[in-house]
Amino acid sequence: MKNLTTFFIVTLLAVTACKKEPSKDNQETATALSTDSITAIAKEAWIYGYPIFYNYKAIYSSAINKEAKEYSGFNKFKSVATSATPADTLIITINNDTPYSMAPINVSDEPVILEVPKIENDRYYVMQLVDLYTFNFEYVGSRATGNNAGKYLIAGPDWKGETPKGIDKVLHSETNLIYLVGRTQLHNPADVSNLKKIQAQYKLIPLHEYTKQPAPPIKKYNLPLPVWKESDYGSLQFISALNALLQYANEDSSEKELRKRFAKIGIVPGQPFDNSKYSPETIKAIEKGIAEAKQELNSKIDNVKDAGSLFGTRAELKNNFLNRAIAAAAGIYGNTKEEAVYTGSNVDKNNQQLLGNNKYVLKFTKDQLPEAKYFWSITMYNLPKRFLISNPINRYSIGNKTKGLKYESNGDLVIYLQSTSPGKDKESNWLPTPKDEKFMFVMRIYGPQPNVINNIWKMPLPEIAK
């Protein structure tokens, strides 16, 4: 992420519920293709599916795996009323400023109603709705809808029902599987009880319960949702995972030719994938495509120039599947830039990797401080894991809302980035780094103003302390 602005987060494709064997047409098509063509298709498909698979990691953990600490079940919130710590490793580059209220949503059978309470004007909150593809398809919250109470109907692509009374807006998703990422500002440790009261009022209500009608029939899919295994996406099993997950994803008109290409190597929603039906040459060509895709993705992650381009709607991202994969790899569930802008670095002012055995200062002149409607913060992460870092003062982020933060007499601000205390008189501005590891930091700007959104404002880079 050199000198970078970086961060770091399903619909029915209408395969009928009949049982299917792997299509002979697909096998014959794959055999007729050159190995180079098969490799190219596999590479494209692996990158396309990467954010879907890693989005499903959070959905699986919170909705299906009852052993996971994040488990809530579908269409239920799981809130955390404290800031994140190094023990929180489900999501990389996790946000430390606004405790999460997460909810895996399945609208295959019917829509659900999102209900939010009235929230005091000086508290920022946001409900980010992410479809299975990882498009940020809608927002509810301080910026998008204000802090008044509201009710929002979340519907999948096939729903064409009548909007019931009392609904402020219908939020349409391309996919029947959705991940809702809620964030509510925590002012300070003494504010936890207030935060809990707010989080307890976030509700997801099935439409039939809201309208007091009988429950609708349960939609059946040909393939069950898979058990999530990290290793699957590095093997041919990525095709099996995609075939199960894409049952929940609408086929956008812009992807018809793409899906036709994918079908040539057995990627068909709802259809089992049996690698024994394919020739050894075809299998090797697919595996080569996976390897090439991994290499390309890894080479791109640390060279993002505009993090704001990585998160948004389908229209905003313009079907740039590589950028979507980079976003998922670098820090899934990043906000659209109008909601929050992320910038940061893993290098210093001299373009050298940030190392825990060095002492750095990050200096903002008065004019360099970012303009934010709500607030800004800087969070520290180790590399390559991108997790929070244990430290003696249990501080994982620092920002303009940090209690006791000291500015220079001329309005400048100096942040100390080092593993040991910079001295008692400077600890108010100390963000601890790991002792003997590489590290990076991310600056989050909530409610960014136009000069931040449009990349006119530039963040300074750390320099080694003198």
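This is a short talk on how helix α2 meets its neighbours in a predicted model, followed by a few loop residues.

Hi everyone, and thanks for coming. Please keep in mind throughout that we are looking at a predicted model.

Let's begin with helix α9, which covers residues 321–331. How many of its eleven residues are buried? Nine are, so α9 is mostly covered. The buried ones are Phe321, then the run from Arg324 through Ala325, Ile326, Ala327, Ala328, Ala329 and Ala330 to Gly331. What do these buried residues pack against? Their partners are three helices: α2 (35–63), α6 (256–263) and α7 (280–301).

Have a look at the two ends of α9 as well. At the start, Asn320 brings a side-chain oxygen to within 3.4 Å of the backbone nitrogen of Leu322. After the helix comes Tyr333, with a positive phi near 70°.

Now to α2, which I'd like to follow through three helix pairs.

The α9 pair comes up right away. The axes of α2 and α9 are 8 Å apart, and the packing angle is about 40°. That angle makes the two helices oblique, because it is neither under 35 degrees nor in the range from 65 to 115. The crossing of α2 past α9 is left-handed. On the α2 side, the residues involved are Ile47, Tyr48, Tyr50, Pro51 and Ile52, and they meet Phe321, Leu322, Arg324, Ala325, Ala328 and Ala329 of α9. By class, this contact has ten nonpolar residues, no polar ones and one charged. A small reminder for reading such a list: an α-helix has 3.6 residues a turn, so residues three or four places apart point the same way.

Next is α6. Here the axes are 9 Å from each other and the angle with α2 is about 120°. α2 and α6 are therefore oblique too, and their crossing is left-handed. From α2, the contact uses Ile41, Glu44, Ala45 and Tyr48, while α6 supplies Leu258, Arg259, Arg261 and Phe262. Five of the contact residues are nonpolar, none is polar and three are charged. You may have noticed Tyr48 in both lists: this residue of α2 takes part in the contact with α9 and in the one with α6.

The third partner is α7. Its axis comes within 7 Å of that of α2, with a crossing at roughly 45°. Again, the pair is therefore oblique. Which hand does this crossing have, left or right? For α2 and α7 it is right-handed. The α2 residues in this contact are Thr35, Ile38, Thr39, Ala42, Lys43, Trp46, Ile47 and Tyr50. From α7 there is a long list, including Glu281, Ala285, Ile286, Gly289, Ile290, Ala293 and Leu297. The classes here are ten nonpolar, four polar and six charged. Ile47 and Tyr50 belong to this contact and also to the contact with α9.

Let's leave the helices and visit some loops.

Ser142 sits between β5 (136–141) and β6 (150–155). Is Ser142 buried or exposed? With a relative accessible area of 11%, it is buried, because that is under 20%. Its side chain makes a polar contact of 2.7 Å with the side chain of Asn147. Beyond its neighbours within four places in sequence, Ser142 touches Arg123, Tyr124, Tyr125, Asn147 and Tyr374.

Asp122 gives us a contrast. It belongs to the loop between β3 (112–116) and β4 (125–131), and at 56% relative accessibility it counts as exposed. Outside its neighbours within four places, Asp122 is in contact with Gln185 and His187. Asp122 and His187 are 65 residues apart in sequence, yet 9.7 Å apart in space from C-alpha to C-alpha.

Last, some backbone geometry. Most residues other than glycine have a negative phi, and most peptide bonds are trans. Thr134, in the loop between β4 and β5, has a positive phi of about 85°, and it is buried at 12% relative accessibility. In the loop between β12 (372–382) and β13 (397–399) we find Pro384, joined to Leu383 by a cis peptide bond with omega about 10°. Arg386 lies in that loop as well. It has a positive phi of about 65° and is buried, with a relative accessible area of 9%.

That's my tour; thanks for listening!

Terms used:
Residues numbered from 1 in each chain as written. Predicted model: local features only at pLDDT ≥ 70, side-chain atom pairs only at ≥ 80, totals over all residues. Heavy atoms only, no water. Buried < 20%, exposed > 50% of the residue type's maximum accessible area, 1.4 Å probe, protein only. Helix = DSSP H or I, 4+ residues; strand = E, 2+ residues; numbered from the N terminus. Contact = heavy atoms within 4.5 Å. Polar contact = N/O pair within 3.5 Å; in protein donor to acceptor, adjacent residues only side chain to side chain. Axes fitted to C-alpha atoms, helices over the stretch in contact; angles between N-to-C directions. Parallel < 35°, antiparallel > 145°, perpendicular 65-115°, else oblique. Left-handed = near helix turned anticlockwise from the far one by under 90°. Nonpolar A, V, L, I, M, F, W, Y, C, P; charged D, E, K, R; others polar.
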